[in-house]
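Please open the structure in your viewer and keep the selection panel at hand. The tour proceeds by selections, each followed by a description of what is found there.

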Amino acid sequence: MAVASPHVLNNSDALMTQNSPATDPWKVLLLENVHPDADGTLAHAGEVEIERLPKAADGDVLARALAGAHLLGIRSRTQVDRDLLDSAPELLAVGCFCIGTNQVDLDAAAERGIPVFNAPFANTRSVAELTLASMVMLMRGIPRKMQAIRAGEWLKSAEGSHEVRGKKLGILGYGNIGSQLSVLASGLGIHVYYYDHQPKLVHGNAREVGSLHELLELSDVVTLHVPSTAMTRRMIDAEALARMRRGSFLINHARGDLVDVDALSDALTSGHLAGAAIDVFPKEPKGAGEDFASDLTRFDNVILTPHIGGSTLEAQSAIGRDAALKLARYVSDGSTAHAVNFPEVEAGSLEPGRRRVACVHSNEPGFLSRLNEVFSAIGANVAAQHLQTRGKVGYAVADLEGELPDDLEAQLRSLEGTVRVRLLGPG
Ligand code: NAI
């Protein structure tokens with residue numbers, strides 16, 4: 001596999017840390033064509049040497065490329081398992097430049113003191129825009145008219161065509177995408193209703209309904225924006241589809257297993273549903289070389305897209321910057337805010353004259369007092385201190401004032417329960 005030669009970026013304002021001597025840049029390995037906008041953001045960590053592999057890698061190729069790297073950036077295809085983590089003792093953090101993090105063994109990473117970050121909102125807008133566009137296209141009967149005109153047929157008729165203004169959009173899942181869609185749809189004069197199993201901040205004139213059934217029964221268009229969980233899988237089955245209004249539309253831009261596709265085919269065949277827009281499928285090809293098959297391809301009133309709801313250049317750039325900033329902040333100030341597997345500590349920038357101890361430890365009684373005994377024994381003033389725990393892992397961050405002994409890091413490393421220690425700030 002071709003390896004692009006590493007390039008070095010520098011941001012002289014960033015904090016220097018003892019884990020990366022001033023003369024050595026942070027080593028970053030980025031796979032799977034992470035967007036180039038990540039590079040400038042990573043430089044917030046200080047001097048960085050970035051090596052890129054254009055595709056996913058595994059086995060020895062990946063282990064060799066990762067040797068000596070402090071930060072690893074991947075997208076959805078590279079698998080990061082226990083063995084790989086064990087082969088990379090210098091690895092500080094992993095960035096998933098995507099939404100999902102299933103490709104990383106999150107527990108194994110946390111146990112080794114490695115936070116994992118992702119970019120959960122970076123493609124929210126892209127999905128919301130496509131969903132709104134799909135509603136317009138469905139309600140104007142565009143899929144059928146497009147197919148007809150390509151076959152030389154001129155379907156110039158207003159029959160079955162509607163404006164979206166004044167229609168009822170039912171959003172299942174009022175999270176990042178659902179609520180963003182709500183704002184956009186309201187701007188077009190659409191009446192927005194939503195159902196979410198958690199209390200949510202209502203945007204504009206959107207109205208919450210008390211159950212999925214209620215949502216299905218009142219909406220002209222139902223759109224799904226929930227994750228795939230034991231509760232949501234096949235949530236839209238034959239019974240749910242039967243509850244939808246005759247002549248209404250279904251949009252699924254969330255996850256393929258939320259919908260019983262056979263039941264959806266039946267509802268389209270019978271004319272109970274007037275159409276659908278589907279971007280995600282229970283079984284999706286792994287790549288361009290694999291064929292796609294679905295019963296839904298036979299309907300001319302269905303928009304089918306290859307899981308591209310969040311795939312825009314803007315989203316890729318935003319993902320590059322979002323995940324890179326989380327990695328850079330972890331390196332420079334120890335922040336683990338928004339880590340997916342790790343206790344979240346947001347300690348802020350380090351004030352001049354202080355040094356920061358960032359200590360990952362096993363979450364068992366007594367560690368904090370052992371840590372503070374060391375600080376007390378060396379006569380350091382603890383100017384600020386933060387502690388969070390999650391599962392088996394604890395993360396303690398302390399800002400110290402005063403002269404610190406050269407062997408402080410070694411002392412902390414030898415404490416019972418320490419997994420990893422970093423000393424941040426100019427030594
Ligand atoms: P989110 O986590 O911000 O929102 C999900 C919402 O669903 C939350 O408000 C949650 O409370 C609600 N929810 C979960 N279980 C529920 C249940 N049983 N009943 C009612 N509400 C429930 O997620 P986000 O970012 O808005 O993403 C939504 C979906 O979109 C996910 O499935 C995600 O995988 C998918 N997605 C698809 C993309 C594509 O390319 N087509 C791109 C990005 C996300």
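Begin by selecting tyrosine 174, which is buried, with a relative accessible area of 2%. Please bear in mind throughout that this is a predicted model.

Add tyrosine 194 to the selection; its relative accessibility is 0%, and it too counts as buried. How are the two rings arranged, and how many degrees separate their planes? Across the structure there are 4 aromatic pairs. In the pair formed by tyrosine 174 and tyrosine 194, the ring centres are 3.7 Å apart and the planes meet at 10°, so this pair is stacked. Widen the view to the surrounding elements: tyrosine 174 belongs to the loop between strand E7 (168-172) and helix H7 (176-187), whereas tyrosine 194 is in strand E8 (residues 191-195). The pair thereby links distant parts of the chain, 20 residues apart.

Next, select phenylalanine 281 and phenylalanine 292. Their ring centres lie 4.8 Å apart with the planes at 65°, so the arrangement is edge-to-face. Both residues are found in the loop between strand E12 (273-278) and strand E13 (302-304), so the pair ties together parts that are 11 residues apart in sequence. Is each of these residues buried or partly exposed? Phenylalanine 281 is buried, at a relative accessible area of 8%, while phenylalanine 292 is partly exposed, at 36%.

Now select tyrosine 330 together with arginine 422. Here the charged end of arginine 422 sits over the ring of tyrosine 330, at 4.6 Å from the ring centre.

Finally, select the ligand and display its surroundings. Which of the 26 residues around the ligand come nearest? They are Asn176, Ile177, Asp196, Val226 and Asp279. By class, the shell consists of 10 nonpolar, 12 polar and 4 charged residues.

Show the backbone atoms in this region to examine three polar contacts in turn:

- At isoleucine 177, a polar backbone atom is 2.9 Å from an oxygen atom of the ligand.
- At histidine 197, a polar backbone atom is 3.2 Å from a nitrogen atom of the ligand.
- At valine 226, a backbone N or O atom is 2.8 Å from an oxygen atom of the ligand.

To conclude, display the protein surface around the ligand. On its own, the ligand has 870 Å² of accessible area, and the protein covers 87% of it.

Key. Residues numbered from 1 in each chain as written. Predicted model: local features only at pLDDT ≥ 70, side-chain atom pairs only at ≥ 80, totals over all residues. Heavy atoms only, no water. Near = heavy atom within 4 Å. Polar contact = N/O pair within 3.5 Å; in protein donor to acceptor, adjacent residues only side chain to side chain. Areas by Shrake-Rupley, 256 points an atom, 1.4 Å probe, with all protein chains shown as cover. Nonpolar A, V, L, I, M, F, W, Y, C, P; charged D, E, K, R; others polar. Phe/Tyr/Trp six-rings, centres within 6.5 Å; stacked < 30°, edge-to-face > 60°. Helix = DSSP H or I, 4+ residues; strand = E, 2+ residues; numbered from the N terminus. Buried < 20%, exposed > 50% of the residue type's maximum accessible area, 1.4 Å probe, protein only. Lys NZ or Arg CZ within 6 Å of the ring centre and 35° of its normal.
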